[in-house]
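Please open the model in your viewer and keep the sequence panel beside it, since this tour moves from one selection to the next. At each stop, make the selection before you read on.

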Amino acid sequence: KMRSILMLVAQPEFAPPPRFQRSMDACMACLLHAPQGCLKFPGRMVELLDSPDAEPLLRYLEWLEAALRGLSPGLCGSPCRTVL
């Protein structure tokens with residue numbers, strides 16, 4: 001089971017893009033701390049999406065989602081759902 005995870009994290013693509021933590025902090029503030037179906041601090045989200053950080057962030061998250069889906073189903077139980 002650990003072999004699949006180790007193979008994932010050993011890939012060069014696993015390294016997050018620059019300012020990843022700052023971008024995720026903005027997403028967390030705007031989405032995770034808001035009531036369901038709402039967006040807090042829309043200006044902050046617009047700022048992130050208009051920034052040069054947006055494209056590398058989205059590309060990384062899409063890669064990570066696909067990589068996690070490719071892991072053995074036995075690692076996360078059944079059914080396995082990826083939430084990014």
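The tour begins with the whole chain and then goes to single residues and pairs.

**Before you select anything**

This is a predicted model, in which local features need a pLDDT of at least 70 and side-chain atom pairs count only at pLDDT 80 or more, while totals for chains, interfaces and linings use all residues. Residues are numbered from 1 along each chain as its sequence is written, and side-chain values use heavy atoms, with hydrogens and water left out.

**Stop 1: the whole chain**

Show the chain as a cartoon, and you will find four helices and zero strands, running α-α-α-α from the N terminus on. Helices (H or I, at least four residues) and strands (E, at least two) are DSSP runs, numbered from the N terminus.

Now colour by pLDDT, which is the predictor's confidence in each residue, from 0 to 100. The mean for the chain is 87, and 83% of its residues reach 70 or more; among the elements, α3 has the highest mean, 96, and α1 the lowest, 88. Where pLDDT is low, the predicted coordinates should not be read in detail.

Next, switch on the surface, whose accessible area comes to about 6,400 Å², with 62% of it belonging to carbon and sulfur atoms. Such areas come from the Shrake-Rupley method with a 1.4 Å probe, and for residues only the protein chains shown count as cover. Buried residues make up 21% of the 84 residues in the chain, where buried means under 20% relative accessible area, exposed over 50%, and partly exposed in between (1.4 Å probe, protein chains only). Of the contacts (heavy atoms within 4.5 Å) with a separation of 6 or more, 54% are between residues 24 or more positions apart.

**Stop 2: Arg19 and Asp53**

Select Arg19 and Asp53 and show their side chains, which meet in a salt bridge with an N to O distance of 2.8 Å. A salt bridge is a side-chain nitrogen of Lys or Arg within 4 Å of a carboxyl oxygen of Asp or Glu. Arg19 lies in the loop between α1 (2-9) and α2 (20-32), and Asp53 in the loop between α3 (42-50) and α4 (54-69), so the pair ties together parts that are 34 residues apart in sequence.

Is each partner buried or exposed? Arg19 is partly exposed, with a relative accessible area of 46%, whereas Asp53, at 9%, counts as buried. Leaving aside neighbours within four places in sequence, Asp53 is in contact with Pro18, Arg19, Arg22 and Ser23, so add these four residues to your selection if you wish to see what lies around Asp53.

**Stop 3: two pairs along α4**

How many salt bridges does a search of the whole structure find? There are three, and to see another of them you should select Arg59 and Glu55, whose closest N and O atoms are 3.1 Å apart. Being four residues apart in helix α4, Arg59 and Glu55 are separated by about one helical turn; Arg59 is partly exposed at 47%, and Glu55 is exposed at 57%.

Then select Arg69 and Glu65, a salt bridge in which the closest N and O atoms are 2.7 Å apart. These two residues also lie in helix α4, four residues apart, about one turn of the helix. Arg69 is exposed at 55%, while Glu65 is partly exposed at 27%.

**Stop 4: the surface of α1**

Select Met2, Ile5, Leu6 and Val9, which form a nonpolar patch on the surface with about 350 Å² of accessible area together. Patches are made of residues with over 30% relative accessible area and no salt bridge, like charges being joined within 9 Å and nonpolar side chains (Val, Leu, Ile, Met, Phe, Trp, Tyr) within 5 Å. Met2, which lies in helix α1, is exposed at 54%.

Met7 is also found in helix α1 and counts as exposed at 53%. Add Leu71 to the view, and you can compare two distances: Met7 and Leu71 are 64 residues apart in sequence and 9.7 Å apart in space, C-alpha to C-alpha.

**Stop 5: two positive phi angles**

Most residues other than glycine have a negative phi. Return to Arg19, where phi is near 60°, a positive value, and then select Phe41, which has a positive phi of about 50° although it is not a glycine. Phe41 is placed in the loop between α2 and α3 and is partly exposed, with a relative accessible area of 48%.
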